[in-house]
Amino acid sequence: MTASPTPTTAEELRGAGLRVTAARVALLETVRDGDHLGVEVIASGVRDRVGHISLQAVYEALHALTAAGLVRRIEPAGHPARYEGRVGDNHHHIVCRSCGAVADVDCAVGDAPCLTAADDHGFAIDEAEVVYWGLCPDCSTGRSS
């Protein structure tokens with residue numbers, strides 16, 4: 001039995017009910033090729049792929065892709081929003097207090113352990129966000145020298 005082929009970016013957009021445009025394709029591919037990118041970096045990556053695009057168009061496309069579940073937005077306290085292509089799993093993030101670097105952190109144990117709150121206050125919990133804070137290796141080294 002052969003595995004089904006990986007859908008193209010355009011097919012993923014269509015499957016999510018979104019109109020396929022060159023800018024959306026370029027934006028989704030830029031986010032997936034990057035690592036927790038800010039809006040300015042994403043806009044630059046899209047411009048490298050398709051030419052001019054306004055910052056407003058980038059924000060609008062990011063909003064649509066996030067709402068469709070193709071992109072995940074994270075916004076660590078005190079830092080601008082970042083976007084990533086890793087969606088649909090239960091992972092968390094670690095943020096450097098000094099330089100703002102962000103990295104993925106998989107759940108430590110089992111199936112979505114963070115979804116079991118000690119007291120849910122009657123909420124139907126469907127997502128948990130855990131952010132670890134510390135110093136990245138580069139900033140740790142810089143402080144010790």
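What is the volume of the largest cavity? In this predicted model, the largest cavity has a volume of about 50 Å³. The legends below describe the overall fold and then several close-up views.

**Figure 1. Overall arrangement of the chain in the predicted model.** The chain contains 5 helices and 5 strands. Read from the N terminus, its elements follow the order α-α-α-α-β-β-β-β-β-α. The chain has 145 residues, of which 32% count as buried. Among contacts with a separation of 6 or more, 41% are made by residues 24 or more positions apart.

**Figure 2. Close-up of the largest cavity and its lining.** The structure holds 1 cavity of 30 Å³ or more, and the volume of the largest cavity is about 50 Å³. Its lining is formed by Arg-72, Ile-74, Glu-75, Pro-76, His-93, Glu-129 and Val-131. By residue class, this lining comprises 3 nonpolar, 1 polar and 3 charged residues. Two of the lining residues, Arg-72 and His-93, are taken up again in the legends that follow.

**Figure 3. Close-up of the largest pocket.** The largest pocket encloses about 290 Å³ of space. It is lined by 14 residues, and those closest to its centre are Arg-72, Val-87, Gly-88, Asp-89 and Glu-127. The lining divides into 4 nonpolar, 4 polar and 6 charged residues. Arg-72 thus appears in the lining of the largest pocket and also in that of the largest cavity.

**Figure 4. Close-up of His-93 in strand β3.** Strand β3 spans residues 91-96 and includes His-93. His-93 counts as buried because its relative accessibility, 4%, falls under the 20% limit. Its side chain forms a polar contact of 3.4 Å with the side chain of His-36. A polar contact of 3.4 Å also links the side chains of His-93 and His-91. Leaving aside residues up to four places away in sequence, His-93 touches several residues, including Glu-84, Val-102, Ala-103, Asp-104, Val-105, Val-130 and Tyr-132. Arg-72, Ile-74 and Val-131 are also among the residues that His-93 touches, and these three belong, with His-93, to the lining of the largest cavity.

**Figure 5. Close-up of Arg-73 in strand β1.** Arg-73 lies in strand β1, which covers residues 72-74. With a relative accessibility of 41%, Arg-73 counts as partly exposed. The side chain of Arg-73 makes a polar contact of 2.5 Å with that of Glu-75, a residue that also lines the largest cavity. A further polar contact, of 3.0 Å, connects the side chains of Arg-73 and Tyr-83. Apart from residues up to four places away in sequence, Arg-73 touches Thr-66, Ala-81, Arg-82 and Tyr-83. Arg-73 and Leu-62 are separated by 11 residues in sequence, and their C-alpha atoms lie 8.6 Å apart.

**Figure 6. Close-up of the cysteines Cys-99 and Cys-136.** The structure holds 0 disulfides. For Cys-99, the nearest cysteine sulfur is that of Cys-136, 3.7 Å away. For Cys-136, the nearest cysteine sulfur belongs to Cys-139, at 3.6 Å. Neither distance, 3.7 Å or 3.6 Å, meets the requirement of sulfur atoms within 2.5 Å. Cys-99 counts as partly exposed at 46% relative accessibility, whereas Cys-136 counts as buried at 15%.

Conventions: Residues numbered from 1 in each chain as written. Predicted model: local features only at pLDDT ≥ 70, side-chain atom pairs only at ≥ 80, totals over all residues. Heavy atoms only, no water. 1 Å grid on protein atoms, 1.4 Å probe; cavity = no way out; pocket = protein on both sides within 12 Å on 5 of 7 lines; lining within 4 Å. Points joined across faces, edges and corners; volume = space filled by probe spheres on them. Nonpolar A, V, L, I, M, F, W, Y, C, P; charged D, E, K, R; others polar. Helix = DSSP H or I, 4+ residues; strand = E, 2+ residues; numbered from the N terminus. Buried < 20%, exposed > 50% of the residue type's maximum accessible area, 1.4 Å probe, protein only. Polar contact = N/O pair within 3.5 Å; in protein donor to acceptor, adjacent residues only side chain to side chain. Contact = heavy atoms within 4.5 Å.
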